[in-house]
Amino acid sequence: MSLAYLAQEAATTESTFKGFGAIGYGLAAIGPGIGVGIVVGKAIEGIARQPELSGQIRTNMFLGIAFTEALALIGLVAGFIF
């Protein structure tokens, strides 16, 4: 096998896998999207049941959203790396 042939094969293989990063990130964003919806929904239920704890529930809701969105950012970075 010549070196030119191997270079040509590597170039064609590289171009066929370019679109998979976007598909991977799309799949990685499904979980955090569902997670944020559940967190916000449960926080609204909690505030409706215990209005006097709305400040504490809201704070915990924002923390849950931040941790859940971190998973989406990790999925974005993993899509660029792989």
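This section describes the helices, the surface and selected residue pairs of a predicted model.

The protein chain contains 3 helices and 0 strands. Read from the N terminus, its elements follow the order α-α-α. Helix H2 spans residues 20-49, and helix H3 spans residues 54-81. Of the 82 residues in the chain, 13% count as buried. The exposed area of the protein chain is about 6200 Å², and 72% of this area is supplied by carbon and sulfur atoms.

Part of the surface is a nonpolar patch of about 500 Å². The residues that make this patch are Ile-23, Leu-27, Ile-30, Ile-34 and Ile-38. One of them, Ile-34, is located in helix H2. Ile-34 has a relative accessible area of 51% and is therefore classed as exposed, since the exposed class begins over 50%.

Ile-44 is also a residue of helix H2. Its relative accessibility is 54%, so Ile-44 counts as exposed. In sequence, Ile-44 and Ser-54 are separated by 10 residues. In space, the C-alpha to C-alpha distance between Ile-44 and Ser-54 is 9.0 Å.

A buried position is found in helix H3, where Thr-68 lies. The relative accessible area of Thr-68 is 14%, so this residue is classed as buried; the limit for that class is under 20%. When residues up to four places away in sequence are not counted, Thr-68 touches Pro-32, Gly-35, Val-36 and Val-39.

Charged side chains were also examined. Side chains of opposite charge can pair when their charged atoms come close. In this model the count comes to 1 salt bridge. The salt bridge is formed by Glu-45 and Lys-42, whose closest N and O atoms are 3.8 Å apart. This distance satisfies the criterion because a salt bridge requires a side-chain nitrogen of Lys or Arg within 4 Å of a carboxyl oxygen of Asp or Glu. Both Glu-45 and Lys-42 belong to helix H2. The two residues are 3 residues apart, which is about one turn of the helix.

The two partners of the salt bridge fall into separate accessibility classes. Lys-42 has a relative accessibility of 52% and so counts as exposed. Glu-45 has a relative accessibility of 40% and so counts as partly exposed, as this class covers values between the limits of 20% and 50%.

Note on methods
Residues numbered from 1 in each chain as written. Predicted model: local features only at pLDDT ≥ 70, side-chain atom pairs only at ≥ 80, totals over all residues. Heavy atoms only, no water. Helix = DSSP H or I, 4+ residues; strand = E, 2+ residues; numbered from the N terminus. Buried < 20%, exposed > 50% of the residue type's maximum accessible area, 1.4 Å probe, protein only. Areas by Shrake-Rupley, 256 points an atom, 1.4 Å probe, with all protein chains shown as cover. Patch = residues over 30% accessible without salt bridge, like charges linked within 9 Å, V, L, I, M, F, W, Y side chains within 5 Å. Contact = heavy atoms within 4.5 Å.
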